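Welcome, and thanks for taking a look at this one with us. Please have the chain open in your viewer as you read the notes below.

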Amino acid sequence: MKKRLISVIPALAAILTLVSCSPAAPSSSASPAGQPSGSSQQPPAEQANYQPVTFHVMIRGTADTFGVPRTAEIQAKTVKDRWNIDLKYEMVDKNTYNEKVTAKFAAADFPSILYYGDAKVIQNAIDSKVFVPVTKAVMSPEYDNVDRQLYFIRWYQNGEYYGFNYHSGAPETINLRGDWLKNLNMEVPKNPEELKEVIAAMTNNDPDQNGKNDTYGLTMQGDLGMTGQFWSMFLPAPRIIPTKGAGLYIDSKDNTVKTILDDVPNMEKALAWFNSLYQEGILDPMYVTLKQQDVEAKFVSNQSGVWVKEIGGLPSRLAQIQNNVPDAEIVAMPPVETVSGVTNYDLVAFKSDCYFMTKDAPDVERGYELLKYLYGKEGIYAEAYGEEGVEYSLQGGAFQWLNEEARERSNPARVISSYLDLQLLDPIPVVENAFQAIQAMASWIRILPLTPQQQSPTTS
Ligand SMILES: [Ca+2]
């Protein structure tokens, strides 16, 4: 064992050059939806004032991640009724998305609305006036309670907002099997030392109480992807992975870019923590060969007790675990304050991909309404739950699913990841728990120094 263990430090060091982090964008990022209701509903007669137009909306995703044609169907009906808009989605798989966008730009074949995140392409599109400002949508009264300087600042330039952001950024948290903690009579850990104790107990003390030594507290990807939340417990920036971009971060004290690789004392602490897990046999030694999907498979099949995932991805995995363990629970570890005063979880909304309107949108004014609808309160509830009276009912104030398919398709995490003040219609403990665990982050949100062109507007 000792010999094997010596190789772990070189292994970690070697990994420093190869980690590939999984995409930060939430799987639900290609969102949308909509259903009529609320004060912004307009009389159908309004439609008569509009000539029909077609909006092509290009989003990343598949029918699965999108939440189904049903979501698009609700939206399409609503925007047709209100603004005489024919809504056409082009959903492109994430693996070919950038390629497809590049091809479209090369052919000057622009969708009306594009979901995108590549900063260089976006900047070029703004400079060449392919993207048009969406300032009027962002500045509309329904966003007065939203911190525009935080959530829309990413693409604020020359007095105009260009990107229409729609979510507050749901951080990827370190999650644990809550039922295992109960079996072990342990609390949710709050720091690296307590986390290590939990990982040890989940390895050695039969947390699933099946009488077999068949679990590890922690397993992870061989390329160290999705491990930034662990490293960052020791290092001066959130969600840093040493191998990812050489661990670069901006030191807000002197506004300079630094690399954590130069931070020898803290890097030593982080490496020592990982190494001690390995030495003590409480880190799954198979980790070096594992890929992202393997790590997930181990977590949902009761072979490991700790897993990093964004809030939105938890309910479906919990459901899988509960197929075999009905009383299974997932709890999120609260954020750990790093040596520089931020947290090991990242919540940087303006790093997210945004929706952009292009110069080929058929009617810019209606485009603003479309953006506000698709990615506002109605759109979010429609994607999260569907249509009242079809997918769910609220009779007597009590939420009830009207069919099982609708429940399985639902995506309530969208409600929580919105920067709008929205309530879950159907509270889900695992989501609420993770949300509570990150509430403390509100005061720790990392504000990166803004480049001159991204300086915040003077209006509040
Ligand atoms: Ca066991």
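What follows is a short briefing, with bullet points grouped by topic.

This is a predicted model, with an average pLDDT of 81 over the chain. The chain holds 19 helices and 15 strands, and 44% of its 460 residues count as buried. Among contacts with a separation of 6 or more, 76% join residues 24 or more positions apart.

**Confidence**

- A pLDDT of at least 70 is reached by 80% of the residues.
- Please read the N-terminal stretch with care: pLDDT stays under 50 over residues 1–41. The model still has 92 contacts beyond four places in sequence for residues 1–41.
- Residues 442–460 also have a pLDDT below 50, and this stretch has 21 contacts beyond near neighbours in sequence.

**Nonpolar cores**

- The largest nonpolar core has 59 residues, and Ile199 and Leu218 are those with the most contacts inside it.
- This core takes at least three residues from domain 1 (2–23 + 172–332) and at least three from domain 2 (31–169 + 349–419).
- Which residues does Leu218 contact, leaving aside its neighbours within four places in sequence? They are Ile199, Leu277, Ile282, Leu283, Asp284, Ser304 and Val306.
- A second core, separate from the largest one, has 44 residues, including Tyr97, Val138, Tyr161 and Met357.

**The five-stranded open sheet**

- To trace this sheet, follow the strand order E2-E1-E3-E13-E4; the pairing is mixed.
- Strand E2 (85–92) and strand E4 (131–132) each have a single partner strand, so each stands at an edge with one side lacking a neighbour in the sheet.
- At the E4 edge, the partner is strand E13 (residues 354–358), and the two pair in the antiparallel sense over two bridges.
- To find this pairing on screen, look for Phe131, which stands opposite Thr358 in E13.
- As a reminder, strands of a sheet pair through backbone hydrogen bonds, either parallel or antiparallel.

**Helix H6 and what it packs on**

- In helix H6 (residues 119–127), the buried residues include Ile122, Ala125 and Ile126.
- Why do the buried residues of H6 line one face of the helix? Seen down the axis of H6, they fall within an arc of 100°, so they line one face.
- An α-helix has 3.6 residues a turn, so residues three or four places apart point the same way.
- Lys120 and Asp127 lie on the other side of H6, where they are exposed.
- The partners of the buried H6 residues are strand E3 (113–116), E4, strand E5 (156–157) and E13, against which they pack.
- After H6 comes Lys129, with a positive phi near 60°.

**Strand E7, covered on both faces**

- Strand E7 (residues 172–177) is mostly covered, with six of its six residues buried.
- Glu172, Ile174 and Leu176 are buried on one side of E7, while Thr173, Asn175 and Arg177 are buried on the other.
- E7 pairs with strand E11 (residues 304–310) in the antiparallel sense over five bridges; here Asn175 stands opposite Trp307.
- E7 also pairs with strand E12 (residues 330–332), again in the antiparallel sense, over three bridges; here Leu176 stands opposite Val331.

**Helix H15, Ser140 and Tyr381**

- Helix H15 (residues 364–374) is mostly covered, as eight of its 11 residues are buried.
- The buried residues of H15 are Gly367, Tyr368, Glu369, Leu370, Leu371, Lys372, Tyr373 and Leu374.
- Glu369 also gives a long-range pairing to look at: its C-alpha atom is 9.9 Å from that of Ser140, although the two are 229 residues apart along the chain.
- Ser140 sits in the loop between helix H7 (135–138) and helix H8 (148–151).
- Is Ser140 buried or partly exposed? Ser140 counts as partly exposed, because it has 15 C-beta neighbours inside 10 Å, and 20 or more would be needed for a residue to be buried.
- Tyr381 belongs to helix H16 (residues 377–385), and it counts as buried because it has 25 C-beta neighbours inside 10 Å.
- Tyr381 and Gln423 lie 42 residues apart in sequence, with 9.6 Å between their C-alpha atoms.

Notes:
Residues are numbered from 1 along each chain as its sequence is written. This is a predicted model: local features need pLDDT of at least 70, side-chain atom pairs count only at pLDDT 80 or more; totals for chains, interfaces and linings use all residues. A nonpolar core is a set of buried Ala, Val, Leu, Ile, Met, Phe, Trp, Tyr and Cys residues joined through C-beta atoms within 7 Å. A residue is buried if 20 or more other C-beta atoms lie within 10 Å of its own, exposed if 12 or fewer, and partly exposed in between; C-beta atoms are placed from the backbone. Domain bounds come from an automatic or database domain assignment. Two residues are in contact if their C-beta atoms, placed from the backbone, lie within 7 Å. Two strands pair if DSSP finds at least two bridges between them. Helices (H or I, at least four residues) and strands (E, at least two) are DSSP runs, numbered from the N terminus. The arc is that of the directions from the helix axis to the C-beta atoms. pLDDT is the predictor's confidence in each residue, from 0 to 100.
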